[in-house]
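Let's take a walk through this one together, starting at the ligand and working outward. Have the model open and turn it as we go.

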Amino acid sequence: MTNTWADVDSYVVDTLVGTEGSPALAANAEAGLPAIDVSPPQGKLLNLLARTAGARRVLEIGTLGGYSTEWLARAVGDGGLVVTLEFEPRHAKVARENLDRAGVGARVDIRVGAALDTLPGVAEDATEPFDLVFIDADKVNNSNYVQWALRLTRPGSVIIVDNVVRGGAVVDEQSDDPNVRASRELIELLAAEPSLDATVVQTVGAKGWDGFAYAIVNGPAS
Ligand code: SAM
């Protein structure tokens, strides 16, 4: 089945998404980065969601080689900003090269370090709230990242968390996989947090079976 899913992704890329962003994927492979970027159809979805939200300021946690960053940077347009947080200096260097080559480097601020260490600086420097937060780093910290996202956004902002379905393992309440446990903790947080309204959407494709959480920050109760 996974081959069919990959074939459909290829068809969608060929007919609809185009090859935008693929130089970054080739450069990532050349530099030996793991192929754990979002797929091209998912990258395009991020771009569309950011544009739907009218996002001009985006926070991304987990840059890798900047593939998803590029889609988001295209969405914010001229004068927009993507702040993206990456633990590995080597990944950040490749991302910087990719984003500059793509012509969107001036819109992207890459901060290197463990996100929980760099987020306080992001908060200090933020002159305005972020319109969209995309969380795609170490999954065990997803709930911490959502708590940070809540501090850095405004009513109406969007928070997206990738890879929360984990091939269906998310339903296994006995799982001792830390990533599965973190997904369950995250989804429980999204359910319990009154300032968020959220869903989880399952996805299949070249990256297998997974899914993302999509949340909107609620305005004050009326
Ligand atoms: N969003 C990227 C894309 O789709 O092109 C893929 C990101 S990849 C799944 C996860 C990235 O998060 C890796 O580059 C990894 O080094 C980084 N990472 C892992 N732990 C981190 C942490 N504590 N703080 C910041 N980045 C981290």
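How do the residues of the shell around the ligand divide into nonpolar, polar and charged? Keep in mind that this is a predicted model. The split comes out as 11 nonpolar, five polar and six charged residues.

So who's in that shell? Of the 22 residues around the ligand, the nearest are V38, G62, S68, E86 and D136. Two secondary-structure elements are worth picking out here: α4, spanning 67-76, and β2, spanning 81-86, each of which supplies at least two residues of the shell.

Now look at the polar contacts. V38, already listed among the nearest residues, has a backbone N or O atom 2.8 Å from an oxygen atom of the ligand. The backbone of L64 does something along those lines, with an N or O atom 3.4 Å from a ligand oxygen. With D138, look to the side chain instead: one of its N or O atoms lies 3.3 Å from a nitrogen atom of the ligand. As for how much of the ligand gets covered, on its own it exposes 600 Å², and the protein buries 90% of that. If you're wondering where all this happens, the ligand sits in the largest pocket.

Time to zoom out. The protein chain has eight helices and seven strands. Its radius of gyration is 17 Å, close to the 17 Å that the globule rule gives for 222 residues, so the chain is as compact as a globular protein of that length. Along the principal axes, the C-alpha atoms fill a box of roughly 45 × 45 × 30 Å.

Terms used: Residues are numbered from 1 along each chain as its sequence is written. This is a predicted model: local features need pLDDT of at least 70, side-chain atom pairs count only at pLDDT 80 or more; totals for chains, interfaces and linings use all residues. Side-chain values use heavy atoms; hydrogens and water are left out. A residue is near a molecule or strand if one of its heavy atoms lies within 4 Å of it. A polar contact is a pair of N or O atoms within 3.5 Å; within protein, one must be able to donate a hydrogen and the other to accept it, and residues adjacent in sequence count only if both atoms are side-chain atoms. Accessible areas come from the Shrake-Rupley method with a 1.4 Å probe; for residues, only the protein chains shown count as cover. On a 1 Å grid over the protein atoms alone, a cavity is a set of points where a 1.4 Å probe fits but cannot get out, and a pocket is an open set with protein on both sides within 12 Å along at least five of seven lines; lining residues have an atom within 4 Å of a point. A molecule sits in a cavity or pocket if more than half of its atoms lie within 2 Å of its grid points. Helices (H or I, at least four residues) and strands (E, at least two) are DSSP runs, numbered from the N terminus. Ala, Val, Leu, Ile, Met, Phe, Trp, Tyr, Cys and Pro count as nonpolar, Asp, Glu, Lys and Arg as charged, and the others, Gly among them, as polar. The radius of gyration is taken over C-alpha atoms; the globule rule is 2.2 Å times the number of residues to the power 0.38.
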